[in-house]
Amino acid sequence: MNPVTTLSLGRIGVGIAALVRPDVVSSTMGSAAAPTSRPLLAQWFGTREIALGTATLLASGSARRTLVLIGMAVDASDAATAHAAVGEEEIPRNVGLGLVGVAGVAVLSGLLGLRVRTRTAVEAV
């Protein structure tokens, strides 16, 4: 399966989990937010992931490539903010490094997906 499709399906799955069980997702992410706002933040995150994953799955051609690049930017930003949160001791180090790792894998999946897509397009010519 194409890495972009896998990543998109993963985004949708995580997004659904964040909407259905925001308490579990927010506690897993080690949010430093006030306990009363954690479910709301997890649901916002979930909505973003569902929207981005679904849009990427439905898109084709240059629109799909653009959405992959947007997703990579979002994931890189997530990694940077998680890393900063560890540095500021806002979240536990093991949680933050886990989040950085997950976001980093998502960025690499996007890169791999773009590379596979580019190579396939070149070979078709």
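1. A cavity, as the word is used here, is a set of grid points where a 1.4 Å probe fits but cannot get out. In this predicted model, the largest cavity holds about 80 Å³ of space. With a lower limit of 30 Å³, the count comes to 1 cavity.

2. The lining of the largest cavity is made up of Val-4, Leu-7, Ser-8, Arg-11, Leu-52, Gly-53, Thr-56, Leu-67, Val-68, Gly-71, Met-72 and Gly-110. Helices α1, α3 and α4 are the elements that give two or more residues to this lining. Arg-11 deserves a separate mention, since this lining residue also takes part in a salt bridge with Glu-49.

3. On the overall fold: the protein chain has 5 helices and 0 strands, and its pattern along the sequence reads α-α-α-α-α. The chain has 125 residues, of which 31% count as buried. Among contacts between residues at least 6 apart in sequence, 67% join residues at least 24 apart. The accessible surface of the chain is about 7400 Å², and carbon and sulfur atoms account for 67% of that area.

4. Turning to charged pairs, the structure contains 5 salt bridges. One of them joins the side chains of Arg-11 and Glu-49, at 2.9 Å from N to O. Arg-11 belongs to helix α1 and Glu-49 to helix α3 (residues 38–58), so this pair ties together parts that lie 38 residues apart in sequence.

5. Are the two partners of that bridge buried or exposed? Arg-11 is buried, because its relative accessible area is 7%, under the 20% cut-off. Glu-49 is also buried, with a relative accessible area of 5%.

6. Glu-49 has a further partner in Arg-48, where the closest N and O atoms are 2.8 Å apart. Arg-48 is partly exposed, its relative accessible area being 29%. Arg-48 in turn forms a salt bridge with Asp-78, with 2.7 Å between the closest N and O atoms. This pair links distant parts of the chain, as Arg-48 is in helix α3 and Asp-78 is in helix α4 (residues 61–87), 30 residues apart. Asp-78 counts as partly exposed, at 25% relative accessibility.

7. Which residues do salt bridges with shared partners join into one network? They are Arg-11, Arg-48, Glu-49, Asp-75 and Asp-78. Within this network, the Arg-11 to Glu-49 bridge runs between α1 and α3, while the Arg-48 to Asp-78 bridge runs between α3 and α4. The elements named here, α1, α3 and α4, are also those that give two or more residues to the lining of the largest cavity.

8. One surface feature is worth recording. Ile-16, Leu-19 and Val-20 form a nonpolar patch, whose accessible area comes to about 260 Å² together. Ile-16 is located in helix α1, which spans residues 3–20. Ile-16 is partly exposed, because its relative accessible area of 45% falls between the 20% and 50% limits. Helix α1 thus appears twice in this note, with Ile-16 in the patch and with Arg-11 in the salt bridge to helix α3.

Conventions
Residues numbered from 1 in each chain as written. Predicted model: local features only at pLDDT ≥ 70, side-chain atom pairs only at ≥ 80, totals over all residues. Heavy atoms only, no water. Patch = residues over 30% accessible without salt bridge, like charges linked within 9 Å, V, L, I, M, F, W, Y side chains within 5 Å. Areas by Shrake-Rupley, 256 points an atom, 1.4 Å probe, with all protein chains shown as cover. Salt bridge = Lys/Arg side-chain N within 4 Å of Asp/Glu carboxyl O. Helix = DSSP H or I, 4+ residues; strand = E, 2+ residues; numbered from the N terminus. Buried < 20%, exposed > 50% of the residue type's maximum accessible area, 1.4 Å probe, protein only. Contact = heavy atoms within 4.5 Å. 1 Å grid on protein atoms, 1.4 Å probe; cavity = no way out; pocket = protein on both sides within 12 Å on 5 of 7 lines; lining within 4 Å. Points joined across faces, edges and corners; volume = space filled by probe spheres on them.
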